[in-house]
Amino acid sequence: MSATSVIGLQWGDEAKGKVVDIFTSKNDIVVRYQGGANAGHTIVADGKKYKLSLVPSGIFRHNVQSVIASGVVIDPESLLGEINTLRNQGVAIDTNLLISDRSHLIFPWHKEKDRLLNALAGQESIGTTMRGIGPCYSDKYGRSLAVRLGDMFRPNAKERLREIAKANADYLAKADSDKSYEELTSESLLATYLDYAEQLKPFVTDTTAYLLDAVEAGKNLLFEGAQGALLDIDHGTFPYVTSSNSSGVGVSSGSGVPACYITKVVGILKAYTTRVGGGPFPTEQDNETGQKIRDRGNEYGTVTKRPRRCGWFDAVAARYTARLSGVSSLAVMLLDVLSTFDELKICTAYEINGQRTANFPSHVDDLRAVKPIYETHPGWQDDVTGARNFGDLPRNAQNYLNRISEIVSRSIGLVSVGPDREQTININL
Ligand code: IMP
């Protein structure tokens, strides 16, 4: 028995999908346990390209069960779209996917609230993905207006939905008198959502019981994190975070599998740093350097297509999130993007109001005040995409990676030098 988790250690988009894909073959079950359709990645399997948002990457292996666990928030329309696309592409989704009856559902009013809250915040906006994620988790914690997938199959489902829709429409109409929200209470909308639930019903089960039985029976589990640890609701750059525990601490709460079963945690880092949406980003390069990283790394959001903010590697942040997530080894992705830079910088410490620190601050105002302290490293001009062993990399690239490993205090188990599965240096994962 072993359970491995794959956790992004920055602000998301660390190319976790590739590492999950590499690990999937060694596991019986792959589990998504937090977040929702705010995440997105592209998987290349058997020469075909697939876009995934909620469905775990394990779905492409016939002998692997994929599970969407209780901590995930589900937009049924979007999930059914994904399921149908995969079904039409010949993927064995009908036998290999399970969805938790405890997962919470996203409705149109959640997306309306997301839009409204972002607009009200103006300059201070979190810049969410507008997928209704935060409002759905708010209802989950608020409890009275929440709807779980399992609720949709109860005899009173329609009446309850009707009441909740009305409460939301009334709230939105008061908050925003410019728009009519009547449609949210229409009988046809309620019927559509009940029908979505019926379509999802064959996949729905008590995944907590299923996963506990599986670990106790000695099955191998892989937990696929979404977003990155700096977006964690409790430990990230609050309030510029997502609404779930996206660091390693979220695996148990989201899946129901206790932490004692997790024997390996792989922390995923880009060789530089990116962020989408608002919030402080100490090593951001809003200049030619950032643009060069964006161009070379094709740094545009998978879900929203927004250009990602780009900057130097922040080892203070990475050390913090590696510790927080209990990381056992690192996977450094997109190293090839850094080829052709004359010099590279690594942020090794922060100066906050005249004080030097190696610790990541807990308050957003302190993070805003950070002056990054950099070390400069010579770059390399060579193309590294053909490297398959650490020794194949240019000496300067080796030194750069070794320095990251040293500051983050974790060994590097994998280096990715291109998008394909083969473009990987597997050191010791
Ligand atoms: P939300 O998760 O849509 O509420 O957005 C909250 C913040 O998390 C915003 O800054 C988003 O850009 C960011 N975010 C959410 N999901 C992802 C992701 O998968 N990758 C990167 N950033 C994300």
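Which residue in β11 is the bridge partner of valine 6? In this predicted model, the partner is valine 266. The pair belongs to a longer run of contacts: strand β1, residues 2–8, is joined to strand β11, residues 262–270, by six bridges. These two strands run parallel.

Both strands are part of an open sheet of 10 strands. Reading across the sheet, the order is β9-β7-β5-β2-β10-β1-β11-β15-β19-β20. The pairing in the sheet is mixed. At the edges are β9, residues 204–205, and β20, residues 424–426, and each of these pairs on one side only. In the order of the sheet, β1 stands between β10 and β11.

A second piece of strand structure is the pair β3 and β4. Strand β3 covers residues 41–45 and strand β4 covers residues 48–52. They pair in the antiparallel sense over five bridges. In one of these pairings, histidine 41 has leucine 52 in β4 as its bridge partner. The two strands form a hairpin, with two residues between them. Aspartate 46 lies in the turn and has a positive phi of about 50°.

Next comes the ligand. There are 15 residues around the ligand, and those that come nearest are Asp13, Asn38, Thr129, Thr242 and Arg306. Sorted by class, this shell has six nonpolar, seven polar and two charged residues.

Some of the contacts can be followed atom by atom. In the side chain of asparagine 38, an N or O atom is 2.8 Å from an oxygen atom of the ligand. Threonine 129 has a polar side-chain atom 2.5 Å from a ligand oxygen atom. With valine 276 the backbone is involved: one of its N or O atoms there lies 3.1 Å from an oxygen atom of the ligand. How much of the ligand does the protein bury? Taken alone, the ligand exposes 470 Å², and the protein buries 97% of that.

The last feature is an enclosed space in the protein. The count comes to one cavity of 30 Å³ or more. About 30 Å³ of space lies in the largest cavity. Which residues line the largest cavity? The lining consists of Gly236, Thr237 and Phe238, together with Phe360, Pro361, Ser362, His363, Val364 and Leu367. By class, five of the lining residues are nonpolar and four are polar, and none is charged. The shell around the ligand, by contrast, includes two charged residues.

Conventions: Residues numbered from 1 in each chain as written. Predicted model: local features only at pLDDT ≥ 70, side-chain atom pairs only at ≥ 80, totals over all residues. Heavy atoms only, no water. Pairing = 2+ DSSP bridges. Helix = DSSP H or I, 4+ residues; strand = E, 2+ residues; numbered from the N terminus. Near = heavy atom within 4 Å. Polar contact = N/O pair within 3.5 Å; in protein donor to acceptor, adjacent residues only side chain to side chain. Areas by Shrake-Rupley, 256 points an atom, 1.4 Å probe, with all protein chains shown as cover. Nonpolar A, V, L, I, M, F, W, Y, C, P; charged D, E, K, R; others polar. 1 Å grid on protein atoms, 1.4 Å probe; cavity = no way out; pocket = protein on both sides within 12 Å on 5 of 7 lines; lining within 4 Å. Points joined across faces, edges and corners; volume = space filled by probe spheres on them.
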